[in-house]
Amino acid sequence: MKALIVGGGIIGGSIAWRLAAEGVAVTVFERGRLGLEASWAAAGILAPQAEAEGPGPILDICLRGREAFERIVERLRRESGVDPEYDQAGILYCALDADEQRQLEGRARWQRSAGLGGEVEELDGAAARRIEPMLSQEVCYALHLPTNRRVENRKLTQAYIAAALKAGAEFRESSGVAEIIARNSNHPGVRLDDGSTHEADFVINAAGAWAARIRGLEADRIAIRPVRGQIVCFQGRPAMLGPAIFSLRGYLVPRRDGRVLAGSTMEDAGFDRSVTMAGMGRIVAGANALIPALSGLAFREAWAGFRPATDDKLPILGPSTVHPHVLYATAHFRSGILLSAITGEVIADLVKGRKPSFDLTPYSPRRFSRGESR
Ligand SMILES: Cc1cc2nc3c(=O)[nH]c(=O)nc-3n(C[C@H](O)[C@H](O)[C@H](O)COP(=O)(O)OP(=O)(O)OC[C@H]3O[C@@H](n4cnc5c(N)ncnc54)[C@H](O)[C@@H]3O)c2cc1C
């Protein structure tokens, strides 16, 4: 069996690994260089309880995503030889005033009623500072989410790609796909920007924020837009911060090498990848409010990336209406790092003709042609 994957980000890499490990002949076409778009720009937080706004399909898939990740992380490390720096120090989601506290108390309530009571702990400011002593004295309340974790997403992306290569997958850089050839054909295929065509048993569209721009699948009426996120990176010391620090004003994520990532913005700016004064200003103000003691850290770099977003904020997973062997694996919005393992798992199930372990209906591409996505 042969599969072509469009897009060499974390999603294309994860799918390539799972398929190649099951003996499928995989070729990944990447327009630029592997893993240098959203999967490079992300903060690497694996945070179902900080991302979802209530019970429903996004919380469901994020929780499954975390379980799927835990199931594969050791195997991935072994097979790839790359350590994705999976850190289990949890998240402190902090409130800096009474209004923010009310919003977070609401979050704790819905999480308890969704059965997550054992995974969310309400703390006053002093108790939060016992977990992270550098927190501002202004922090008056926090949710401790001990089972929400983090990785070094650039290394995790490399790990999937390295493991896929070892399992026999082929990755072609500088190979943009202009069209997915799906009509009037038993076997779907792709036409590259250079005009060459390639055929397979399955084609998987994992082109992130660009997935709806590839020709050939117009009848699916998929709508994906880029949501720009900026991150400002400072140089700290290793182990300076324990947990990742969240707030309604932004977040701080430590890396093992001492870098501290401050994020992020959510902007409709098309594919403009500028880092702006306003964006950096908001991020830095949020970071200073949470941990004023970090204000002396040296600036290192800043970047922006494009989260692939749908109107209903759900990923798109499953067969195209145009051809049953063209599969979408995209629109992971703010959670594509968290959802990388579960996406590889369900796409491998679909290619191999197995029933996925959960109902994919809420994430089906069909919701667009039925007009249900808005
Ligand atoms: C600032 C920021 C912070 C984030 N933080 C987190 C986080 O903490 N946790 C989390 O889980 N998620 C986070 N995300 C979201 C996460 O980064 C994305 O959901 C995820 O990276 C999407 O992966 P992808 O492989 O689909 O997309 P990408 O990494 O964008 O990869 C898509 C690839 O497809 C290629 N491509 C596009 N068109 C074509 C074509 N026609 N032919 C060939 N190749 C093509 C692109 O060049 C690209 O390499 C964040 C995102 C941003 C921007």
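Biologist: Hi! How many Å separate the centres of domain 1 and domain 2?
Modeller: Taken over C-alpha atoms, those centres lie 28 Å apart. Keep in mind that this is a predicted model.

Biologist: And how many residues does each domain put into the contact?
Modeller: Domain 1 gives 26 residues and domain 2 gives 28 residues.

Biologist: Which elements supply the domain 1 side?
Modeller: Helix H2 (38–41), strand S3 (45–46) and helix H3 (48–51) each bring at least two residues to the side that touches domain 2.

Biologist: What's the make-up of that side by class?
Modeller: On domain 1, the side touching domain 2 has 17 nonpolar, 6 polar and 3 charged residues.

Biologist: Nice. Where do the domains run along the chain, by the way?
Modeller: Domain 1 covers 2–81 + 153–223 + 311–369, and domain 2 covers 91–148 + 225–309.

Biologist: Switching to helix H8: what span should its 14 residues have?
Modeller: At 1.5 Å a residue, helix H8 (residues 277–290) should span 20 Å, and its end C-alpha atoms are 20 Å apart, so the two agree.

Biologist: Which H8 residues are buried?
Modeller: Gly279, Ile283, Gly286, Ala287 and Leu290 are. They are on the same side of H8, because they cover an arc of only 95° around the axis.

Biologist: Why would residues three or four places apart point the same way?
Modeller: An α-helix has 3.6 residues a turn, so that spacing brings them round to the same direction.

Biologist: Then which residues are exposed on the other side of H8?
Modeller: Met277, Ala278 and Gly281 are exposed there.

Biologist: Last one: what covers the buried residues of H8?
Modeller: The cover includes strands S4 (91–95), S13 (225–235), S14 (244–247), S15 (250–254) and S16 (259–263).

Note on methods
Residues numbered from 1 in each chain as written. Predicted model: local features only at pLDDT ≥ 70, side-chain atom pairs only at ≥ 80, totals over all residues. Helix = DSSP H or I, 4+ residues; strand = E, 2+ residues; numbered from the N terminus. Expected span 1.5 Å × (residues − 1). Buried ≥ 20, exposed ≤ 12 C-beta atoms within 10 Å, placed from the backbone. Arc of directions from axis to C-beta. Contact = placed C-beta atoms within 7 Å. Domains from an automatic or database assignment. Nonpolar A, V, L, I, M, F, W, Y, C, P; charged D, E, K, R; others polar.
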